[in-house]
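Visitor: Could you take one part of this model and examine it closely, then set it in its surroundings? I should like a connected account, with the terms defined as they arise.

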Amino acid sequence: MPHPARLTALPSPVRNPFDSAWPFASTVSDRDRGPLPHGSPAEVLRRIAEVLGEPRVPSTGVGESAALDLIAGLLDEHGIDLSHPHAAAHLQPPVLQVAVDADALASASNASMDTYDSGPATLAIEQWVVKALAGLAGFGPQADGVLTPGGSISNLLAVLIARDSAGAATGIDVRRNGVQGLDRPVVFCSELAHFSVQRACAALGLGEEAAITIGSDEEFRMRTDVLADELAKPGRTPVAVIATAGTTDFGSIDPIAPIVELARRYGAWVHVDAAYGFGALFSDRLAPLLADLSHADSVTLDLHKIGWQPAATSVLLVADRNRFGAFGRSVDYLNPADDIDSGLDGLLGRSLQTTRRPDAVKVATTLTAYGRPGLGTMLDTCHELAHAAAARVVADSNLELLAPVTLTTVLFRVAGQGLDAAAADALQGEVRRRLLTSGRVLIGRTTLPARGGRPAVVALKLTLLNPNATATDIEDLLDQVVATGHDVLAESEGAA
């Protein structure tokens, strides 16, 4: 294989004023080792199990220091290092040290968000965080929200609210009587929407088949012409239309304004799953991609993606706080009516959870520490790195770029000239597995859907969320992809 083209040096970003690099936390001491431990999954898991010993609660403890040393050693030797510049597989970034420190404060408080007397300070902090993020989304003073254990749960809550809203519009109290009174309730989403939409439909009694998937265009965005045709079909109750702002594999953003216009004609709730894409609002450069977000009824966002927070830090925002009525509960031992009237209520009526940890503490600390410009600079750096990586792929005959860059994802594959479709797909999987088990490089994979007469193909994926990574780091990563592809092809030719 010819020597790959080199990346053009990136412009120097504005760095964290408090350090020479963004201060991310890690449990791995040897950053040169690679993002993963060396060895097959079976070998690595066996080594960990051997250190832990027989899986039983010990009859005698070893003491606090020894226990901490044991677990810390396992994380150091066998854990993942997301701060390593070759960790680029998933929407799983390194986490800011200040967020880790703040999360320890939250854990130490052991506060809960259900009632005032379970943690007044953390209650006020979550309300502050929700209002700040709702304002960033362009929502008005009636907006509200809640922190959740992840984007899947945020999407579940959004579909639940939409389901109950659709029932109320036809005089049905779904919360009390179930969904049987609704005439074939359906939820519309892109074919590239997160699978949590189907899970939400199943959990809420609608059934997975209630999720009607809409095809996507050449830019991997929901086709509004197909959505219009589906919405017009009779004999169904359109519960919600879910747009995606930042698809998992492509970072593509559905056309929110036209989707809202179509959904409104049929009385459907509009939810935007911006778990990935919401962070674009931190960046002056990328914020226009989400200019129409404020037209939605609800929005999911994950700050454990773009936000560099420890997982899980998801938020569901709603444009109208009254929509949380479906969650309302007055419980004698928690929030009796007279206590509510006296101002002792908490956030029990925002969630399906009762005990809920104060995850907003780390968010408030991070937002206060860095502000929108600091987080925006981190994202801009990752965005620039993704474009530079895509340019390298285009310039390298050993690699093939499969999709344009929107946010921080680069979809590509090892070219494998002369291979049939099955062999070319197998090549991608084998290259990734070899890199993972070497421990040196962590990249993702997915399947590119069929487009323009081209069949679906297996793809490799970089998800670049480390603003400390450099052009040289990505050069080295892609060099190792090319070299591994060469090795796999050479072995297959030798075997033939």
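Guide: Glu126 belongs to helix α4 (residues 120–137); helices (H or I, at least four residues) and strands (E, at least two) are DSSP runs numbered from the N terminus. The model is a predicted one, in which local features need pLDDT of at least 70 and side-chain atom pairs count only at pLDDT 80 or more, while totals for chains, interfaces and linings use all residues. Residues are numbered from 1 along each chain as its sequence is written, and side-chain values use heavy atoms, with hydrogens and water left out.

Glu126 is buried because its relative accessibility is 1%, buried meaning under 20% relative accessible area, exposed over 50% and partly exposed in between (1.4 Å probe, protein chains only). Beyond residues up to four places away in sequence, Glu126 touches Met113, Val146, Leu147, Leu347, Arg356 and Ala360, a contact being heavy atoms within 4.5 Å.

One of these partners, Ala360, leads to helix α11 (residues 360–395). The axis of α11 comes within 8 Å of that of helix α3 (residues 97–109), and the two cross at roughly 145°. Such axes are lines fitted to C-alpha atoms, for helices over the stretch in contact, with angles from 0 to 180 degrees between N-to-C directions. This crossing is right-handed: a crossing is right-handed if the near helix is turned clockwise from the far one by less than a right angle, and left-handed if anticlockwise. On the α3 side the contact is made by Val98, Ala99, Ala102, Asp103 and Ala106, which meet Val361, Lys362, Thr365, Thr366 and Tyr370 of α11. These contact residues divide into six nonpolar, two polar and two charged, where Ala, Val, Leu, Ile, Met, Phe, Trp, Tyr, Cys and Pro count as nonpolar, Asp, Glu, Lys and Arg as charged, and the others, Gly among them, as polar. An α-helix has 3.6 residues a turn, so residues three or four places apart point the same way.

For the wider setting, the assignment gives domain 1 (30–79), domain 2 (111–357) and domain 3 (371–495), with bounds from an automatic or database domain assignment. The centres of domain 1 and domain 2, taken over C-alpha atoms, lie 38 Å apart.

Another helix, α7 (residues 196–203), has Ser196, Val197, Gln198, Ala200 and Cys201 buried. Among the elements covering these residues are α5 (151–169), β5 (185–190), β6 (211–214) and β7 (237–244). Ser196 counts as buried because its relative accessibility is 1%. Neighbours within four places aside, Ser196 is in contact with Ser152 and Asn155. The side chains of Ser196 and Asn155 share a polar contact of 3.0 Å, that is, a pair of N or O atoms within 3.5 Å; within protein, one must be able to donate a hydrogen and the other to accept it, and residues adjacent in sequence count only if both atoms are side-chain atoms. After α7 comes Gly205, with a positive phi near 80°.

Finally, Thr484 sits in helix α13 (residues 471–495) and is buried, since its relative accessible area is 7%. The side chain of Thr484 reaches the backbone oxygen of Gln480 at 2.7 Å. Neighbours within four places in sequence aside, the contacts of Thr484 are Val431, Arg434 and Leu435.
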